[in-house]
Each structure stands twice: as structure tokens, then as C-alpha cells.
Amino acid sequence: QYRAAKMFAKSLVLALAFLAGANAFTGSFASRRPVSMSATASETKTFPKLPATVKPGVVTGTALKDLLQYAKDNEFAIPGVNIVGTSSINACMEAAKKTGGPIMVTFSRGGGQFIAGKAADNSDDAACIAGAVAGALHVRTVAELYGVPVILHTDHCCKAWLPWFDGMLDANEKYFEKNG
């Protein structure tokens, strides 16, 4: 019961990304005026009009709440793209950099397995979990290099796939225990 409540709470935070501006979306993301970025090599890049808490890299906690509220207040949706490998992850972040906005990188169960490799042992969703975790670690490693805020997100998850989702929650808890 505790695990279900914890999963619901974390899912709720992730779902806020869709609620933040989806109904207010009034045009294509690329058609919006890009937010320019200027920074020297020694300073942290930020999107000038985004909340001060939102920095390039993976956005979590208060910064995530601030970003979602900003999107809602300014009536835009943050695009979310299902990925299947590091090439599609990099393409998403490159597009966000070119258009001047944040991006949501979305991992699916099948995408996770694709990242791990279709021949990898998928007993108990091991390959699906490992691939999604590897993809998330890739995003955490390179997102700042693109200078864009990135939200890590999971795709829909039917009841039969809950072991995959649980595995990712466990990996996320281990990551934050080690890295904060």
C-alpha cells in the first residue's frame, strides 16, 4: 500500500507536466518567439525569462514546479518526445536549444528495452528498466552541454507494466540517495 501511494505521488508530479499548459497550447512550439541565451563560458546559462530556479540540465523539485507554473502562466506546453536511443535524446535537446525552450524527454517501456538491446535478457523487465535508466543517465550527463532545461518523464504505463515502473522508481531513489 505504501509503494502504491509513493508511486501515485511521483506519478502525480510527472502528470503535472502535461497539465501545466496542454489546454492553453495555442500554436506550435517552434512558432513561439525563441528565448535567447547569453552567457560567458564561466557562468551558468539560464533562459532569461524562465524562473531563476530553472537551469540547464535535468529539472527537478522546486525548479520543476516553477517551470510548470511558468508554462501554465504563459500559456505554453512543454513538448514531450518519446525516445528510443541516445540519438533521439540528443535530437530532442538540440531542437530545444534551437527553439529556445525546455523539453520533456519521455521514456517508454519498449524504448527502454530498445536502448538496452532487443537481445538483452528482459526477465522481470530487466532490459526495459536498464535501458530507461541508461537513457536517463545519458540525459543527466549531457543536458547541460545543450544549455536547456530537461524534464525526465515516463510514458503511459498499464497495470501489467507496473514492475517496469517500480524498477525505475527504485533506480531513481538509488540515484538521489547517492547524488542528491
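Contact here means heavy atoms within 4.5 Å. The legends below describe close-up views of a predicted model.

**Figure 1. T106 and its contacts in strand β3.** T106 lies in strand β3, which covers residues 103-107. With a relative accessibility of 3%, T106 counts as buried. Leaving aside residues up to four places away in sequence, T106 touches G80, V81, N82 and I83, and also H153, T154 and D155. Strand β2 spans residues 80-82, and strand β4 spans residues 149-154. In the sheet, β3 stands between β4 and β2 in the order β1-β4-β3-β2.

**Figure 2. The open, parallel sheet and its edges.** The sheet is built from four strands, is open, and has parallel pairing. Its edge strands are β1 (57-58) and β2 (80-82), each of which pairs on one side only. In general, strands of a sheet pair through backbone hydrogen bonds, either parallel or antiparallel. Between β1 and β4 there are two bridges, and these strands run parallel. V58 has V150 as its bridge partner in β4. Across the whole chain, the secondary structure comes to six helices and four strands. Their sequence pattern is α-β-α-β-α-β-α-α-β-α.

**Figure 3. The largest nonpolar core.** This core holds 22 residues, and those with the most contacts inside it are I89, M93, V105, F107, V139, V150 and W164. Two or more residues each come from α3, β3, α5, β4 and α6. Helix α5 gives the largest share, seven residues. F107 touches residues from several stretches of the sequence, among them I83, I89, I115, A132, V139, L152 and W164, not counting residues up to four places away. A second core, separate from this one, has 13 residues, including L64, L68, Y70 and A71. Of the 180 residues of the chain, 37% count as buried.

**Figure 4. V142 beside helix α3.** V142 is found in helix α5. V142 has a relative accessible area of 15% and is buried, because the cut-off for burial is under 20%. V142 touches N90 and M93 when residues up to four places away in sequence are not counted. Both of these partners fall within helix α3, residues 86-99. The C-alpha atoms of V142 and M93 are 9.3 Å apart, while the two residues are 49 apart in sequence. Over the chain, among contacts between residues at least 6 apart in sequence, 66% join residues at least 24 apart.

**Figure 5. The salt bridge within helix α3.** How many salt bridges does a search of the whole structure find? The search finds two. One of them joins K98 to E94, with the closest N and O atoms 3.0 Å apart. K98 and E94 are four residues apart in helix α3, so about one helical turn separates them. In general, an α-helix has 3.6 residues a turn, so residues three or four places apart point the same way. K98 is exposed at 64% relative accessibility, whereas E94 is partly exposed at 38%.

**Figure 6. The salt bridge between helix α4 and the loop before α5.** R109 forms a salt bridge with D125, and the closest N and O atoms are 2.7 Å apart. R109 belongs to helix α4 (residues 109-116) and D125 to the loop between α4 and α5 (126-146), so the pair ties together parts that are 16 residues apart in sequence. Is D125 buried or exposed? At 8% relative accessibility, D125 counts as buried. Besides R109, D125 touches P163 and W164, again not counting residues up to four places away in sequence.

**Figure 7. Helix α6 and the residue that follows.** Helix α6 has 18 residues, 162-179, and at 1.5 Å a residue should span 26 Å. The end C-alpha atoms are 25 Å apart, which agrees with that expected span. The buried residues of α6 are W164, F165, G167, M168 and L169. W164 is also one of the residues with the most contacts inside the largest nonpolar core. After α6 comes G180, whose phi is positive, near 80°.

**Figure 8. The exposed surface of the chain.** The chain exposes about 10,000 Å², and carbon and sulfur atoms supply 57% of this area. Among the residues shown in the earlier views, K98 counts as exposed, at 64% relative accessibility.

Methods: Residues are numbered from 1 along each chain as its sequence is written. This is a predicted model: local features need pLDDT of at least 70, side-chain atom pairs count only at pLDDT 80 or more; totals for chains, interfaces and linings use all residues. Side-chain values use heavy atoms; hydrogens and water are left out. Two strands pair if DSSP finds at least two bridges between them. A salt bridge is a side-chain nitrogen of Lys or Arg within 4 Å of a carboxyl oxygen of Asp or Glu. Buried means under 20% relative accessible area, exposed over 50%, partly exposed in between (1.4 Å probe, protein chains only). The expected span of a helix is 1.5 Å times one less than its number of residues. A nonpolar core is a set of buried Ala, Val, Leu, Ile, Met, Phe, Trp, Tyr and Cys residues joined through side-chain atoms within 4.5 Å. Accessible areas come from the Shrake-Rupley method with a 1.4 Å probe; for residues, only the protein chains shown count as cover.
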